[in-house]
Amino acid sequence: MGEVTVRLDDLPLRDDLRGMTPYGAPQAALPVALNVNENTHPVPSEVADDILDAIARALRDVNRYPDREFTGLREAFADYLGHGLVREQIWAANGSNEVLQHVLQAFGGPGRRAMGFAPTYSMYPILTRATGAEWIAGEREHDFTLSAAFAAEQVVRENPDIVFLCAPNNPTGTPLGLDVIEAVYAVTDGIVIVDEAYQEFAPHDEPSAVTLLPGRPRLVVSRTMSKAFAFAGARVGYLAADPALVDALRLVRLPYHLSALTQAAATAALGHADTMLSMVDEIVAQRDRISATVAALGYTAHESWTNFVLFGGVDDPAATWQALYDRGVLIRDVGIAHHLRVTAGTADETTAFLDALASVGSRA
Ligand code: PMP
C-alpha cells in the first residue's frame with residue numbers, strides 16, 4: 001500500500017501561519033561552530049559539580065510538580081541584577097525566547113501590532129506573528145545605529161502596542177543608548193521591551209536599562225543565561241519589570257513551565273555568577289581581535305558590544321560562508337547584503353576562523 005504524502009497545504013493550518021518559515025540557524029557538527037552566539041567555553045568544572053549536586057537533590061522530589069512561582073530562582077535573579085530589585089519584579093522561562101513569547105501572549109495577540117528596528121533579532125517577527133499579532137519593521141541608519149529622535153519618530157508614526165529595542169542589537173552588535181529607550185517610552189502607551197541578551201559583553205561601566213525601571217511600569221528588560229553565562233543548553237531566560245506586569249505573565253504561562261531540574265540548575269549556576277562570567281573578558285578580547293583582524297583583511301567590522309561581530313565588504317556572502325564551512329568553520333549568513341556574522345569563540349576557535357577567512361582570500 002503506497003503512503004500518501006501529506007503536504008502542509010493539505011492540513012487545516014491557521015491562515016496567518018501559511019507561508020511562514022521556522023527559525024532555522026543550521027545545526028551542523030563542525031569542529032568550529034561560531035554561528036549562534038553561544039558562549040563556546042564550557043561551564044567551569046567546579047561550578048558544574050555544584051550544579052550536578054543541586055540537580056541530584058531536585059531529582060529526589062521530581063515526582064512532585066515544581067514550585068510554580070520559581071521563588072528561589074526569582075530571588076537569585078533579583079540579587080544578580082541588583083539595583084534594589086525584588087523577586088516580584090522578576091519573571092523567568094525556558095530561554096528568553098519564551099520570556100518574550102509570554103510578553104507577546106499577554107500584551108500582543110490578534111488585532112495588535114509589535115514593532116522593531118530592522119535588521120534585528122529574527123525571532124521578534126516570528127514570535128509576534130505566532131501570537132496572531134502583526135509585525136512592523138522599522139528602520140535604522142545605514143550604519144545600523146538608532147538615534148532617539150529616529151526611533152521615537154517611527155514609533156509615533158506607527159503607534160504599535162509593543163516596541164522591541166535590542167540593546168545591544170543582534171545581528172549587528174550595535175550599542176543602543178538609554179536615551180533611545182527613554183524617548184521611545186515617552187511617546188508610546190504600549191509595552192517597551194529592551195532585550196539585553198548581550199548586556200554582559202558591553203563595556204562594564206555602561207548602565208543597563210534596568211536603571212530606567214523605576215516609574216516606568218510598561219518597560220520590560222529581558223536577559224538570558226544563554227550567552228555570557230554559558231548556559232544555552234539549559235534554556236533559561238528572565239526579565240525585570242513592574243510587579244503588575246510580571247503578574248500579567250502568570251495568565252499566559254503554562255502551569256509549572258520551569259522544571260524543577262531547570263530551577264535547580266539555574267539557581268546553582270547563579271550562586272557562582274562571578275566564575276560563570278569569568279570568561280566574558282576573554283570573549284570580549286577575542287571579539288575585538290576579530291574586528292581588528294577582519295579590518296586588516298579588508299572587510300569592515302561594525303562596532304560591537306556583544307560576543308559577535310558583523311562584518312561587511314563580503315563580495316559573495318554565500319560563497320564565503322561555504323568556503324569557511326568547507327574548512328570546518330560554521331558562521332552565519334544573516335541575510336544582510338555583503339555581510340556575515342561570526343561569534344567570538346575561544347582563542348583557538350577564533351584563530352581557526354581568522355586563518356580560514358584569510359585563506360579564503362580575495363574576499364571570495
Ligand atoms: N534575544 C536575542 C537578541 C538573542 O540573540 C537571542 C539568542 N540568539 C535570544 C534573545 C534568545 O536566547 P535564549 O532563548 O537562548 O535565551
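**A buried strand and a packed helix**

In this predicted model, threonine 300 has glycine 312 of strand S10 as its bridge partner. This pairing belongs to a small piece of sheet that is worth following residue by residue. Strand S9, residues 300–301, runs antiparallel to S10, and the two are joined over two bridges. Together S9 and S10 make a hairpin, with six residues between them.

S10 also has a second partner. Strand S12, residues 339–343, pairs with S10 in the antiparallel sense, here over five bridges. Within this pairing, phenylalanine 311 stands opposite leucine 340 of S12.

How many of the five residues of S10 are buried? Five of the five, residues 308–312, are buried, so the strand is largely enclosed by the rest of the structure. The side of the strand makes no difference to this: Phe308, Leu310 and Gly312 point one way, Val309 and Phe311 point the other way, and all are buried. Here a residue counts as buried when its relative accessible area is under 20%. Two residues already met in the pairing thus reappear on opposite sides of S10, with Gly312 pointing one way and Phe311 the other.

Attention now turns to a helix. In H5, which covers residues 148–158, the buried residues are Ala148, Phe150, Ala151, Ala152, Gln154 and Val155. An α-helix has 3.6 residues a turn, so residues three or four places apart point the same way. Against what do the buried residues of H5 pack? Their neighbours are three strands and a helix: S3 (113–118), S4 (134–139), S5 (162–166) and helix H6 (178–186). Just after H5, asparagine 159 adopts a positive phi of about 50°.

These elements sit within a chain that contains 12 helices and 12 strands. The radius of gyration of the chain is 21 Å, close to the 21 Å given by the globule rule for 364 residues, so the chain is as compact as a globular protein of that length. Along its principal axes, the C-alpha trace spans about 70 × 55 × 50 Å.

Across the 364 residues, 52% count as buried. Of the contacts between residues at least 6 apart in sequence, 73% join residues at least 24 apart. The chain exposes about 16200 Å², and carbon and sulfur atoms supply 52% of that area. As for charge, the chain carries 27 positive and 46 negative side chains, and the centres of the two sets lie 6 Å apart.

Terms used: Residues are numbered from 1 along each chain as its sequence is written. This is a predicted model: local features need pLDDT of at least 70, side-chain atom pairs count only at pLDDT 80 or more; totals for chains, interfaces and linings use all residues. Side-chain values use heavy atoms; hydrogens and water are left out. Helices (H or I, at least four residues) and strands (E, at least two) are DSSP runs, numbered from the N terminus. The radius of gyration is taken over C-alpha atoms; the globule rule is 2.2 Å times the number of residues to the power 0.38. Buried means under 20% relative accessible area, exposed over 50%, partly exposed in between (1.4 Å probe, protein chains only). Contact means heavy atoms within 4.5 Å. Accessible areas come from the Shrake-Rupley method with a 1.4 Å probe; for residues, only the protein chains shown count as cover. Lys and Arg count as positive and Asp and Glu as negative; His and the chain ends are not counted. The place of a charge is taken as NZ of Lys, CZ of Arg, CG of Asp or CD of Glu. Two strands pair if DSSP finds at least two bridges between them.
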